[in-house]
Amino acid sequence: MIVATKPLDALLPVASLGKPAPKAPDVQDGGFLDAMKQALTTTTRMQSESGRLNREVTFGNPTVGLEETMLAGVKSNIAFQATLQTRNRVVQAYTDVMNMQV
């Protein structure tokens, strides 16, 4: 079987091959503080949804699928890790600024 592809097709993002990737919610002129609040709210919401789905699967609810539950858990874990890394970098930047000699 011969498949003809262009050499640079492998470099295109997968999302551009089908439908366009969804954009992140816009922060309305609030700056970094509002962006962090929004990220924390989203992370909290994802973790709550993951916990709820876990309980539903544990109790044997037939309307909740295991795949959906696992996907929600992975999404909430990724959101938490991103939030944690952002916090670590902000703390490190603050420490660097405070240690600068004037």
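Hi everyone. Let me begin with a term: a patch here is built from residues with over 30% relative accessible area and no salt bridge, and nonpolar side chains are joined into one when they lie within 5 Å. Please keep in mind that what we are looking at is a predicted model.

With that term in hand, let's go to the patch itself. Tyr94, Val97, Met98 and Met100 make a nonpolar surface patch of about 470 Å². One of its members, methionine 100, sits in the segment after α2. Is methionine 100 buried or exposed? Its relative accessibility is 57%, and so methionine 100 counts as exposed, because the cut-off for that word is over 50%.

Now to the pocket. How much space lies in the largest pocket? The answer is about 180 Å³. If you would like to find it on the model, look for Gln38, Ala39, Thr42, Thr43, Met46, Lys75, Ile78, Ala79, Ala82 and Thr83, which line it. Which helices supply that lining? Helix α1, covering 32–58, and helix α2, covering 66–98, each give at least two residues to it. Sorted by class, the lining of this pocket has 5 nonpolar, 4 polar and 1 charged residues.

Let's stay with one of those lining residues for a moment, Lys75. Lysine 75 is placed in helix α2, and with 45% relative accessibility it counts as partly exposed. Here is a nice pairing to look at: lysine 75 and threonine 43 are 32 residues apart in sequence, yet their C-alpha atoms are 9.1 Å apart in space.

Threonine 43 turns up again with glutamine 81. Glutamine 81 belongs to helix α2, and its relative accessible area of 36% makes it partly exposed. Along the chain, glutamine 81 and threonine 43 are 38 residues apart, and 9.6 Å separates their C-alpha atoms.

There is one more pair of this kind. Leucine 40 is part of helix α1, and at 42% relative accessibility leucine 40 is partly exposed. What distance separates the C-alpha atoms of leucine 40 and threonine 83? It is 7.2 Å, for two residues that are 43 apart along the chain.

Last stop, the charged side chains. How many salt bridges does the count come to? Just 1 salt bridge. The partners are glutamate 49 and arginine 52, whose side chains meet at 2.7 Å, N to O. Both of these residues lie in helix α1, 3 residues apart, which is about one turn of the helix. As for accessibility, glutamate 49 has a relative accessible area of 33% and is partly exposed. Arginine 52 is also partly exposed, at 34% relative accessibility.

So, to recap the tour: we saw a nonpolar surface patch that includes Met100, a largest pocket with lining from α1 and α2, and a salt bridge between glutamate 49 and arginine 52. Thanks for listening, and do rotate the model yourselves.

Technical notes
Residues numbered from 1 in each chain as written. Predicted model: local features only at pLDDT ≥ 70, side-chain atom pairs only at ≥ 80, totals over all residues. Heavy atoms only, no water. 1 Å grid on protein atoms, 1.4 Å probe; cavity = no way out; pocket = protein on both sides within 12 Å on 5 of 7 lines; lining within 4 Å. Points joined across faces, edges and corners; volume = space filled by probe spheres on them. Helix = DSSP H or I, 4+ residues; strand = E, 2+ residues; numbered from the N terminus. Nonpolar A, V, L, I, M, F, W, Y, C, P; charged D, E, K, R; others polar. Buried < 20%, exposed > 50% of the residue type's maximum accessible area, 1.4 Å probe, protein only. Patch = residues over 30% accessible without salt bridge, like charges linked within 9 Å, V, L, I, M, F, W, Y side chains within 5 Å. Areas by Shrake-Rupley, 256 points an atom, 1.4 Å probe, with all protein chains shown as cover. Salt bridge = Lys/Arg side-chain N within 4 Å of Asp/Glu carboxyl O.
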